[in-house]
Amino acid sequence: MLAEVGFAADVVERAQIYAVASHNRSLLRLHIAGSSGAMQLSSEVVLPGGRGADGPLGAASALDPSLCAWARGSVLLADGCALRQVDVQGGRVRTLVGMPDQCAAVQPSGGFQPRQGGSGNEPEERLEPVAWASVLSRPLALAGPAEATAGGAPALLLTGAEVVQVDIRPSPCEGLASGACEEAHGCGWAAGPGAAGACLDCGGLERTPILNLRRLAKPTVQCL
């Protein structure tokens, strides 16, 4: 189990601690209580194991969580081969980059190779402005911005190939449907697989913060 302190308090009972429970593929919130000088630990499931779906907390799920970090009212979660954000205050889950069930594999030297038991057709690691088009190898380390840093400070995700700097601030275009997105100033609609899609902040496309970037292929987006 990997734990992260979300809110440290002088009184231990008020601390918010989050942990990944690998045995049941879930994100937990831990509670510490003191009774007669003895500390008692209990837990509740924040994000249960499932297919890795985004959406409201009551419907969202984790696929294969491995790392978590606290970041200003939300929990960053390395889930499979994706970085996801669990907004515990707003009650929603979204995928920031990558897809939990779509992975690239790398050798320690940085060369790409099939995963053990894989088909040999795994794609190279790549980064795109939309989560579903990005392919990452399994995250090795995760760091969220400290509470005292500026509001725009990013999260850092280490994979087997690169360090990815991820903007975790909410976008003014996020969540808009296709029609509303196309009418909104500074927003553009990116069509995804099937009926999927995302409304993107066009200004954000020009400042996509990525370190050690091999390739950035931006989707065709019309901005107003």
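**Exercise 1. Find out whether C173 is buried or exposed, then follow its disulfide.**

Step 1. Start with the surface. C173 has a relative accessible area of 1%, so C173 is buried (buried means under 20% relative accessible area, exposed over 50%, partly exposed in between, with a 1.4 Å probe and protein chains only). A quick word on what you're looking at: this is a predicted model, where local features need pLDDT of at least 70, side-chain atom pairs count only at pLDDT 80 or more, and totals for chains, interfaces and linings use all residues. Residues are numbered from 1 along each chain as its sequence is written, and side-chain values use heavy atoms, with hydrogens and water left out.

Step 2. Look for the partner. C173 forms a disulfide with C187, S to S 2.0 Å (a disulfide is a pair of cysteine sulfur atoms within 2.5 Å). The torsion about this S-S bond is -85°, and the link of C173 and C187 is left-handed.

Step 3. Place both ends. C173 sits in the loop between β12 and α1 (178–183), while C187 belongs to strand β13 (residues 187–191), so the bond ties together parts 14 residues apart in sequence. (Helices, H or I with at least four residues, and strands, E with at least two, are DSSP runs numbered from the N terminus.)

Step 4. Check the other end. C187 has a relative accessible area of 4%, so C187 is buried.

**Exercise 2. Work out how many disulfides there are, and describe the ones not covered yet.**

Step 1. Count them: the rule gives 3 disulfides.

Step 2. Take C81 and C103. Their sulfur atoms are 2.0 Å apart, and with 105° about the S-S bond this link is right-handed. The pair links distant parts of the chain, 22 residues apart: C81 is in the loop between β7 (74–79) and β8 (82–87), and C103 is in the loop between β9 (92–98) and β10. C81 and C103 are buried.

Step 3. Now C181 and C199, joined with S to S 2.1 Å. The torsion here is about 90°, so this disulfide is right-handed. C181 lies in helix α1 and C199 in strand β14 (residues 197–201), 18 residues apart.

Step 4. Check burial again. C181 comes out at 0% relative accessible area, so C181 is buried; C199 comes out at 9%, so C199 is buried.

**Exercise 3. Describe the sheet that contains β10, β11 and β12.**

Step 1. Get the order. The sheet is open, has 3 strands in the order β10-β11-β12, and its pairing is antiparallel (two strands pair if DSSP finds at least two bridges between them).

Step 2. Find the edges. β10 (141–143) and β12 (163–166) each have a single partner strand, so one side of each has no neighbour in the sheet.

Step 3. Zoom in on a pair. Strand β11 (residues 155–158) is joined to β12 by 4 bridges, and L156 stands opposite Q165 in β12.

**Exercise 4. Locate S137 and list what its side chain touches.**

Step 1. S137 is in the loop between β9 and β10.

Step 2. Its relative accessibility is 3%, so S137 counts as buried.

Step 3. The S137 side chain makes a polar contact with the side chain of E125 at 2.8 Å. (That's a pair of N or O atoms within 3.5 Å; within protein, one must be able to donate a hydrogen and the other to accept it, and residues adjacent in sequence count only if both atoms are side-chain atoms.)

Step 4. The side chain of S137 also reaches the backbone nitrogen of G160 at 3.2 Å.
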